[in-house]
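I opened this notebook to keep track of what I looked up in the structure and in which order. The entries are short, and each one stays with a single topic.

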Amino acid sequence: MPVHSIPLAKLNDVLNGEVAGAVSAHEAIRQWCAQLESGGILYFPQTPVPIPAEDLAFLLGREQSGSRLHKNIAYKPNRDRLSGANRKSAGAAELEQMRSAMRRYSAGVDAFLSRLLAPYKRRWRLDYASFRPIEEEGRDLPLRRRNDLLHTDAFPTRPTRGRRILRFFHNIHPTRTRDWIVGEPFAEVVDRFAPGKLAIPKPDGAVAGMGKLVARAIGLSGLLPQVKRTPYDEFMMQLHNAMKEDSEFQLGCAKEEIQFAPGSSWMVYTETVPHAVLGGQFALEQTFLIDPGAMVEPESAPVRILEKMAGARLV
Ligand SMILES: O=C(O)CCC(=O)C(=O)O
Ligand SMILES: [Fe+2]
């Protein structure tokens with residue numbers, strides 16, 4: 001079972017520096033990091049980042065009120081801005097309330113992970129947070145954007161250049177579970193697809209390298225996001241697409257079902273753990289882009305796994 005459940009009382013003991021069973025608090029934290037890094041899910045049956053009652057009522061009210069705010073909404077903490085919200089039909093007061101609720105959530109998760117992931121010493125970039133108010137079951141999205149098919153995460157417009165994608169979720173639905181499936185370990189998935197359907201990743205060729213230099217020289221690199229993708233990002237994007245497009249893989253691969261309880265939180269490296277959401281409504285999520293050099297087990301980072309396979313640097 002890849003799920004490691006952490007009751008709130010035990011979590012608080014460890015964060016307060018008290019011994020956790022047979023191991024010291026310091027050792028317990030290192031073990032949790034190692035479990036995450038090797039493809040585990042840390043599950044908090046009771047969330048350690050509670051949402052203020054007023055924010056919760058506001059977020060859960062978005063649908064019933066007929067508000068046009070009800071598609072996935074992203075919050076960019078570095079600019080304190082929302083995107084995905086319909087500015088024409090949502091009122092200014094509603095947008096402002098959404099923004100401040102998301103600001104509090106994002107800061108709360110960042111503060112919590114600064115303590116829980118102490119060995120990383122904040123060697124991360126606080127990426128977007130999101131609010132997911134739509135029922136996931138039966139959502140009608142284009143294939144590559146579907147989240148009910150097993151996939152590993154890769155962002156088409158935001159290459160991570162080897163940084164790991166850690167996501168912290170919270171099921172804020174009062175009664176409904178959020179239902180996931182998770183698939184095989186990353187190394188096994190990569191073996192299935194490469195070499196074969198995908199080529200083994202190769203370091204930047206001289207031509208691509210020249211293209212980059214030229215784009216940079218004439219000031220175009222900011223306009224061409226694909227220019228900034230490293231061979232690592234290329235491969236991770238291809239893998240994401242190949243998994244979703246392969247119905248034989250979707251049906252045939254080993255998978256496990258997980259139901260995340262109302263009021264629970266969980267965190268997982270989604271660029272390596274194949275996952276899909278089959279049902280559930282109303283979740284909050286905060287993404288972190290973490291320096292692979294910060295890992296307690298650096299060899300577990302996908303960039304290291306792929307570089308070993310390629311026999312070359314990929315970022
Ligand atoms: O919303 C969820 O529960 C997970 C969706 C997902 O896989 C994603 O956003 O990449
Ligand atoms: Fe995903």
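What follows are my entries on a metal site, a ligand, a small sheet and two single residues.

**Entry 1, the model.** I noted before anything else that this is a predicted model, and I kept that in mind for every distance below.

**Entry 2, the iron ion.** I asked which protein atoms serve as donors of the iron ion (ligand 2). I found NE2 of H151, an OD atom of D153 and NE2 of H275, lying 2.1 Å from the ion. Reading along the chain, I wrote the spacing of these donors as H-x1-D-x121-H. I then checked the cover of two of them, and both H151 and D153 turned out to be buried.

**Entry 3, ligand 1.** I listed the surroundings of ligand 1 and found R132, N147, H151, D153, R167, F169, R178, W180, H275 and V277. The iron donors H151, D153 and H275 therefore come up again in my notes, as they are also in the list around ligand 1. For polar contacts I looked at side chains, and I recorded an oxygen atom of ligand 1 at 2.8 Å from an N or O atom of R178. For the side chain of R167 the corresponding distance to an oxygen atom of the ligand is 3.0 Å, and for that of D153 it is 3.1 Å. I also looked up how much of the ligand is covered: on its own, ligand 1 has 290 Å² of accessible area, and the protein covers 94% of it.

**Entry 4, the sheet.** Since R178 had come up beside the ligand, I turned to strand 7, which spans residues 178–182. I found an open sheet of 3 strands in the order 8-7-10, with antiparallel pairing. Strand 8 (256–260) and strand 10 (275–279) are the edge strands, each pairing on one side only. Neighbouring strands of this sheet are turned against each other by 30° on average, with direction ignored.

I went through the pairing of strand 7 on both sides. With strand 8 the antiparallel pairing runs over 5 bridges, in which V182 has E256 as its bridge partner and D179 has Q259. With strand 10 the pairing is again antiparallel, over 4 bridges, and here I noted A276 as the bridge partner of I181.

**Entry 5, the two faces of strand 7.** Which residues of strand 7 point one way, and which the other? I found R178, W180 and V182 on one side and D179 and I181 on the other, all of them buried. This agrees with the count for the strand, in which 5 of 5 residues are buried. Of the residues on the first side, R178 and W180 are in the list around ligand 1.

**Entry 6, H173.** Moving back along the chain, I placed H173 in the loop between strand 6 (164–171) and strand 7. Is H173 buried or exposed? Its relative accessible area is 13%, so I entered H173 as buried, the cut-off for that being under 20%. The side chain of H173 reaches the backbone nitrogen of T175 at 3.0 Å, and a polar atom of the side chain of H173 lies 2.9 Å from the backbone nitrogen of R176.

**Entry 7, I165.** My last look was at I165, which is found in strand 6. With a relative accessible area of 2%, I165 is buried. I also checked its separation from T287: the two residues are 122 residues apart in sequence, while their C-alpha atoms are 6.8 Å apart in space.

Key:
Residues numbered from 1 in each chain as written. Chains lettered and ligands numbered in written order. Predicted model: local features only at pLDDT ≥ 70, side-chain atom pairs only at ≥ 80, totals over all residues. Heavy atoms only, no water. Pairing = 2+ DSSP bridges. Axes fitted to C-alpha atoms, helices over the stretch in contact; angles between N-to-C directions. Donors = N, O, S within 2.8 Å, 3.2 Å for Na, K, Ca; no water. Buried < 20%, exposed > 50% of the residue type's maximum accessible area, 1.4 Å probe, protein only. Near = heavy atom within 4 Å. Polar contact = N/O pair within 3.5 Å; in protein donor to acceptor, adjacent residues only side chain to side chain. Areas by Shrake-Rupley, 256 points an atom, 1.4 Å probe, with all protein chains shown as cover.
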